Amino acid sequence: MQASPLNFAQPVLDAQTIQDVSAVLQSNWIATGPKVAALEAALSARFGGRPTRLLTSATGAMEVALRVCGIGPGDEVITSAQSFFSTMNMIVKVGARPVFVDCVLPSRAIDLAQVEAAITPRSKAIMPTHFPGSLVDMDALYALARRHGLRVIEDAALVQGSCWNGQAVGGFGDIATFSFHPNKNMTTIEGGAIVLASEDEAKRVDIERFHGIARLPDGTRDVVAACGKFNMSDVSAAIGLRQLAQLDGFLATRAALVARYFERFPAIAGAMLPPRGMARQSWNMFCVMLPFETMALDRKQVRDALQQRGIATGISYEALHTTTLGRGLGYAEGDFPNAERVGRQTVTLPLHAAMTAADVDRVCAAVAQIVAG
Ligand SMILES: Cc1ncc(COP(=O)(O)O)c(C=O)c1O
């Protein structure tokens with residue numbers, strides 16, 4: 001009998017969520033309204049009271065963050081070649097140039113020595129992506145940024161709930177962006193948040209996320225800049241409010257599942273697991289790196305064999321500088337060996353709050369069996 005399908009990511013939406021959504025749908029106020037305001041306040045409380053704004057995605061939040069920092073044509077943003085596509089895309093979209101540097105392994109954190117070496121008079125910001133299990137050294141990152149007068153836009157899409165020295169990511173520093181896509185630690189269907197250090201910049205986000213509109217004292221509207229539309233709906237925010245109430249439970253389940261992965265993952269010569277050293281990290285993904293170059297099966301064959309057993313996997317992530325867009329910026333294979341190694345070897349195994357320890361055992365047993373041939 002075929003075992004039940006195991007998604008590699010999946011949201012947990014309970015009966016209360018459905019009731020809350022239903023109430024919003026019946027309230028005659030379904031676009032941005034009181035639920036968005038309530039979720040912004042609740043998130044802000046978790047980020048040490050810092051100004052927090054909701055948007056329609058983390059990708060949109062990154063674009064808005066770059067615009068709020070005044071970054072555009074002629075500017076450079078130093079970013080890791082190992083990240084989701086949004087970081088590169090949004091830097092290019094605002095007219096700036098992404099200056100890639102490598103990541104360090106096994107944490108995949110941006111290599112700060114390479115960041116320092118990449119700074120030029122055109123550098124305006126550092127845009128690191130945080131990976132589950134171990135953050136970039138935040139003290140060193142912010143000391144570096146301060147020394148060179150650079151802004152920091154943290155891509156914290158994967159690490160809601162992670163802490164640095166007891167402080168929540170997003171609760172300190174410059175700007176952080178979060179994702180509430182259904183495969184993240186909490187969801188609003190699609191959605192994202194931006195957390196800022198200044199109320200003035202939060203007001204700028206209000207303008208950037210809604211047509212560039214500024215409201216005038218006489219009740220009319222002015223448009224102060226050509227901006228897009230990134231406002232979240234109250235339907236999404238109602239889901240987010242219920243998700244936030246459950247977030248600590250979701251994170252505890254994810255952490256227990258990851259502990260089980262570390263315990264049960266088969267010994268494979270040359271495999272690399274994520275680091276588990278740092279305290280109070282949230283676990284959005286469990287990505288392993290397998291030495292396909294020396295294995296009998298390539299990645300597609302391993303992933304297909306897992307899929308045949310009902311186990312879905314992902315790839316997180318292809319190296320950005322080797323994409324068509326990245327190569328068009330002048331980069332080439334060989335520029336960032338660690339990012340490329342992740343791109344070649346990574347497999348994202350199932351991890352979500354609806355899973356059980358038995359699911360993890362099933363994945364580990366299937367990997368062991370497939371790799372043994
Ligand atoms: C590291 C990282 N950053 C940013 C994003 C973009 O998030 P969103 O889908 O909310 O735009 C993702 C989404 O997968 C991600 O994994």
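**Close-up views of a predicted model**

**View 1. Polar contacts hold the attention here, beginning with Asp155.** A polar side-chain atom of Asp155 lies 2.9 Å from a nitrogen atom of the ligand. This and every other view show a predicted model. Two further side chains approach oxygen atoms of the ligand: a polar atom of Ser179 is 2.7 Å from one oxygen atom, and a polar atom of Tyr317 is 2.6 Å from an oxygen atom. Of the 390 Å² of accessible area that the ligand has on its own, the protein covers 91%.

**View 2. The surroundings of the ligand.** Which residues come nearest to the ligand? Of the 14 residues around the ligand, the nearest are Thr59, Asp155, Ser179, Lys184 and Tyr317. Asp155 also belongs to strand 5, which comprises residues 151-155.

**View 3. Strand 4 and its partner, strand 2.** Strand 4 is formed by residues 123-127. Is this strand mostly covered or uncovered? It is mostly covered, since 4 of its 5 residues are buried. Strand 2, made up of residues 76-80, runs parallel to strand 4 and is joined to it by 4 bridges. Within this pairing, Val77 has Ala125 of strand 4 as its bridge partner. In a regular strand, the side chains alternate between the two faces of the sheet.

**View 4. Strand 4 and strand 5, with the helix that links them.** Strand 4 also pairs with strand 5 in the parallel sense, over 2 bridges. Ala125 stands opposite Arg151 of strand 5. Between strand 4 and strand 5 the chain passes through helix 6, residues 138-148, and this β-α-β crossover is right-handed. Ala125 thus appears in both pairings, as the bridge partner of Val77 and opposite Arg151.

**View 5. Cys69 and Cys103, two cysteines without a disulfide.** A disulfide is a covalent bond between the sulfur atoms of two cysteines. How many disulfides does a search of the whole structure find? The search finds 0. Why is Cys69 without such a bond? The closest cysteine sulfur, in Cys227, is 14 Å from the sulfur of Cys69, and this is too far for a bond; a disulfide requires the two sulfur atoms to be within 2.5 Å. Cys103 is likewise in no disulfide, and the nearest cysteine sulfur, that of Cys287, is 12 Å away. Cys69 is buried, with a relative accessible area of 17%. Cys103 is buried as well, with a relative accessible area of 0%.

How values were computed:
Residues numbered from 1 in each chain as written. Predicted model: local features only at pLDDT ≥ 70, side-chain atom pairs only at ≥ 80, totals over all residues. Heavy atoms only, no water. Buried < 20%, exposed > 50% of the residue type's maximum accessible area, 1.4 Å probe, protein only. Pairing = 2+ DSSP bridges. Right-handed = clockwise from strand over helix to strand, strands pointing away. Near = heavy atom within 4 Å. Polar contact = N/O pair within 3.5 Å; in protein donor to acceptor, adjacent residues only side chain to side chain. Areas by Shrake-Rupley, 256 points an atom, 1.4 Å probe, with all protein chains shown as cover.
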